[in-house]
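User: I would like to learn how to read a model like this one. Can we go through it feature by feature?

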Amino acid sequence: STWGLHSHLETRPVLMKVLGIIGGVSPVSTGLYYARIVDGVRAALSHIDSRATPLLVIVSVDWGAVIRTQGRGEDFPIYEDAALRLAAAKVDGVAIACNTAHRHATPLAAVLGSATPLLH
């Protein structure tokens, strides 16, 4: 499958999927993830269209809220909310781009269910 890839130059469209991303926790890290994904897609599709842009939905989390709650083990609802927002946006899969959220991968996958796979 192709994640968020498309080209108007092809005679038949490439299957477009939308990737949902949880994180990053700051504008800087979110921008870095976005730039790397775009660069990777453009490199992969350079033979078709070097301007191809992935279809992404990003839900950033409030780093202040994470810091206030993670020491008490109460930060899961923050990531759960992000995952549910992405599922409601009907993304085809969710990636975690937030190091502190990776420890919640198993319960987040359960929240998303099989209809929206967690790419971890």
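**Reading contacts, burial and fold**

Analyst: Start with contacts. Outside its neighbours within four places in sequence, Ile58 touches Ile21, Gly23, Thr30 and Tyr34. Bear in mind that this is a predicted model.

User: Where does Ile58 sit in the secondary structure?

Analyst: Ile58 belongs to strand 2, which covers residues 56–59. One of its partners shows how sequence and space can part: Gly23 is 35 residues away along the chain, yet the two C-alpha atoms are 6.9 Å apart.

User: How do I read accessibility? Is Ile58 buried or exposed?

Analyst: Use the cut-offs: buried is under 20% relative accessible area, and exposed is over 50%. Ile58 has 31%, so it is partly exposed.

User: And which class does Thr69 fall into?

Analyst: Thr69 is buried, because its relative accessible area is 15%. This residue is part of helix 2, residues 63–70. Beyond four places in sequence, Thr69 contacts Glu74, Asp75 and Ile78.

User: What is the pattern of the chain along the sequence?

Analyst: Count elements, then order them. The chain has four helices and four strands. Their order is β-α-β-α-α-β-α-β.

User: How many residues does the chain have, and what share is buried?

Analyst: The chain has 120 residues, and 38% of them count as buried. Its exposed area is about 6,800 Å², with 58% supplied by carbon and sulfur atoms.

User: What share of contacts joins residues at least 24 apart?

Analyst: Take the contacts between residues at least 6 apart in sequence: 63% of these link residues at least 24 apart.

Note on methods. Residues numbered from 1 in each chain as written. Predicted model: local features only at pLDDT ≥ 70, side-chain atom pairs only at ≥ 80, totals over all residues. Heavy atoms only, no water. Helix = DSSP H or I, 4+ residues; strand = E, 2+ residues; numbered from the N terminus. Buried < 20%, exposed > 50% of the residue type's maximum accessible area, 1.4 Å probe, protein only. Contact = heavy atoms within 4.5 Å. Areas by Shrake-Rupley, 256 points an atom, 1.4 Å probe, with all protein chains shown as cover.
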